[in-house]
Amino acid sequence: MGNKLSGKDLIKLGFPKNNSINIALGQINRYRKREKKESILTEAKDVLLNPEKYEGNGTWGKVAEGLIKPVQVRMHQLKNTRAPFKIFGENEIDEQAKFQLYDSLKLPISVAGALMPDAHSGYGLPIGGVLATDNAVIPYGVGVDIGCRMSLSIFDLPGSYFKGKEHQLEAILKDNTKFGMYETHASRVDHEVFYNSGFQDIPLLKNLLPKAYKQLGTSGGGNHFVEFGIAKIENPENGWKLEKGEYFAVLSHSGSRGLGANIAKHYTYLATKQCPLPKNVQHLAWLDLNTHDGQEYWLAMNLAGEYAKACHDDIHRRIAKAIGKRVVVTIENHHNFAWKEVVNGQECIVHRKGATPAGEGQLGIIPGSMTAPGFIVKGKGNAESLNSASHGAGRLFSRAKCKSTFTQSQINKELKKHEVTLIGGNIDEAPMAYKDITKVMTNQTDLVEVLGTFTPKIVRMDR
């Protein structure tokens with residue numbers, strides 16, 4: 001008997017000759033291959049005899065499910081009719097984005113949908129797409145950068161705080177922010193998020209913990225940024241301890257880093273295996289929340305969201321410490337996430353891919369571009385948008401199109417015109433790549449109330 005566990009070993013134990021053997025081998029090879037064969041066989045025997053004892057277990061839960069109630073893998077067809085939906089700012093949205101929404105509305109699990117005014121085509125759901133489903137979660141409906149979010153910290157400092165401190169503030173941004181795949185902080189910090197039981201119970205996450213620890217407080221590439229600017233408050237909320245006026249503020253945009261990307265990749269693969277769909281919509285494959293993988297993805301997704309928030313909190317903590325002042329108000333919101341919410345009296349899973357929650361009274365920040373203001377908003381709780389609003393201005397030009405359309409000198413001219421200093425940044429993030437944020441806001445007056453604006457002044461991005 002070799003040291004590698006085989007299907008024959010499991011059949012000898014009494015495992016039924018079905019997919020539960022493949023599942024068991026897959027889990028063992030992925031997560032337990034360094035362990036002794038004898039101890040694994042002893043555990044496997046116990047799983048076979050008492051499968052219900054192992055439901056939800058990281059390594060054996062899926063095997064137990066295969067023994068008790070195997071996941072039914074069958075080809076799903078799209079329905080002929082679409083679930084109800086509403087498009088906001090229809091004239092500003094490309095046809096492909098609309099068709100992507102229409103396809104998703106024909107999934108047998110779809111309950112309702114909406115498209116935000118900043119929408120453009122993406123992979124899976126369109127960016128700016130909102131989809132409510134019945135007890136199912138679509139990993140690509142959430143997206144690769146799980147829990148990507150905005151976070152705005154307003155200081156009790158006047159907007160004029162910049163004057164004469166530009167070089168000092170640029171240095172603070174350079175020293176306290178890290179971007180892209182490889183940059184990490186020299187001084188690591190601990191955080192309560194690392195003690196979340198998911199990092200112990202889900203084998204995939206256990207393997208990702210060292211990387212997540214290393215990347216805490218860093219930002220991704222692409223359109224992720226940390227910037228200093230001026231928050232102009234027109235309608236302060238009661239609890240803000242701020243009068244109407246202009247304040248110094250910092251805004252960040254980033255997500256769950258390598259942790260979220262690996263979770264998305266792993267569970268998207270599982271979804272496509274378990275939920276075959278016609279080829280043109282295969283990336284909308286879902287996980288049933290009553291299955292082991294569905295439950296595990298839900299836990300992993302929520303943990304990635306907590307981790308994204310922890311990253312922002314760390315960025316803002318470092319910057320506040322370097323400035324030597326305290327933050328008075330923080331406004332933040334996720335996109336690329338799924339929530340359990342009630343839609344038309346039914347509990348649903350609401351996916352917001354590049355769209356933000358805008359329930360009644362819910363605060364948020366919707367950025368423009370590096371040369372356009374962002375808007376501090378309060379949700380109106382509009383049921384037609386499934387309590388959602390846009391997550392930004394939305395792209396007008398794809399990344400590839402930017403490279404063939406704009407030059408660095410055009411970008412520099414635009415930055416100079418708006419008195420913005422840019423550290424890093426690529427041509428594919430040119431300010432001209434984005435839609436007009438004022439138009440986008442005009443198209444969502446039914447969704448949010450504007451409380452103020454944020455105007456960028458010193459912007460840091462990946463190089």
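Start with the second largest cavity of this predicted model: about 30 Å³ of space lies in it. Select His-185, Ser-187, Arg-188, Val-189, Tyr-213, Lys-214, Leu-216 and Arg-318, the residues that line the second largest cavity. Colour them by class. Three are nonpolar, two are polar and three are charged.

**The α7–α11 crossing**

Keep Arg-318 selected. Besides lining the second largest cavity, Arg-318 belongs to the contact between α7 and α11. Now show both helices: α7 covers residues 166–176 and α11 covers residues 292–323. Their axes lie 10 Å apart, and the packing angle is about 140°. An angle over 145 degrees would count as roughly antiparallel. α7 and α11 are therefore oblique to each other. Their crossing is right-handed. On the α7 side, pick Ile-172, Leu-173 and Asn-176. On the α11 side, pick Arg-318, Ile-319, Ala-322 and Ile-323. This α7–α11 contact holds five nonpolar residues, one polar and one charged.

**Along α11 to α9**

Stay on α11 and add α9, residues 203–215. Here the angle is about 10°, and the axes are 12 Å apart. That angle is under 35 degrees, so α9 counts as roughly parallel to α11. From α9, select Leu-205, Ala-212 and Gln-215. From α11, select Ala-300, Leu-303, Tyr-307 and Cys-311. The class split for α9 with α11 is six nonpolar, one polar and no charged.

**From α9 to α10**

Hold α9 and bring in α10, residues 257–274. The axes of α9 and α10 come within 8 Å and cross at roughly 155°. Since 145 degrees is the cut-off, α9 and α10 are roughly antiparallel to each other. The α9 residues to pick are Leu-204, Leu-205, Leu-208, Lys-211 and Gln-215. They meet Arg-257, Gly-258, Leu-259, Asn-262, Ile-263, His-266 and Tyr-267 in α10. Leu-205 and Gln-215 of α9 are worth a label: both take part in the contact with α10, and both also take part in the contact with α11. By class, the α9–α10 contact has six nonpolar, four polar and two charged residues.

**The second largest pocket**

Return to α11. Which element gives the largest share of the lining of the second largest pocket? It is α11, with eight residues. Centre the view on Glu-65, Asp-288, Asn-290, Thr-291 and His-292, which lie nearest the centre of this pocket. The pocket is lined by 37 residues and has a volume of about 820 Å³. Next, show the elements that give two or more residues to its lining: α4 (61–68), α8 (198–201), β8 (287–288) and α11. Then colour the lining by class. There are 14 nonpolar, 14 polar and nine charged residues.

**The largest cavity**

How many cavities of 30 Å³ or more does the count give? It gives two. The tour opened on the second largest, with about 30 Å³ of space. The largest has a volume of about 40 Å³. Among the 13 residues that line the largest cavity, zoom to Asn-333, Thr-356, Pro-357, Gly-364 and Val-377, the closest to its centre. Now switch to cartoon and select three strands: β12 (355–357), β13 (363–366) and β14 (374–379). Each supplies at least two residues of the lining. β13 has the largest share, with four residues.

Finish with the class colours on the largest cavity. Are charged residues present or absent in its lining? They are absent: the lining has eight nonpolar, five polar and no charged residues. For contrast, flip back to the lining of the second largest cavity, which has three charged residues.

Notes
Residues numbered from 1 in each chain as written. Predicted model: local features only at pLDDT ≥ 70, side-chain atom pairs only at ≥ 80, totals over all residues. Heavy atoms only, no water. 1 Å grid on protein atoms, 1.4 Å probe; cavity = no way out; pocket = protein on both sides within 12 Å on 5 of 7 lines; lining within 4 Å. Points joined across faces, edges and corners; volume = space filled by probe spheres on them. Nonpolar A, V, L, I, M, F, W, Y, C, P; charged D, E, K, R; others polar. Axes fitted to C-alpha atoms, helices over the stretch in contact; angles between N-to-C directions. Parallel < 35°, antiparallel > 145°, perpendicular 65-115°, else oblique. Left-handed = near helix turned anticlockwise from the far one by under 90°. Contact = heavy atoms within 4.5 Å.
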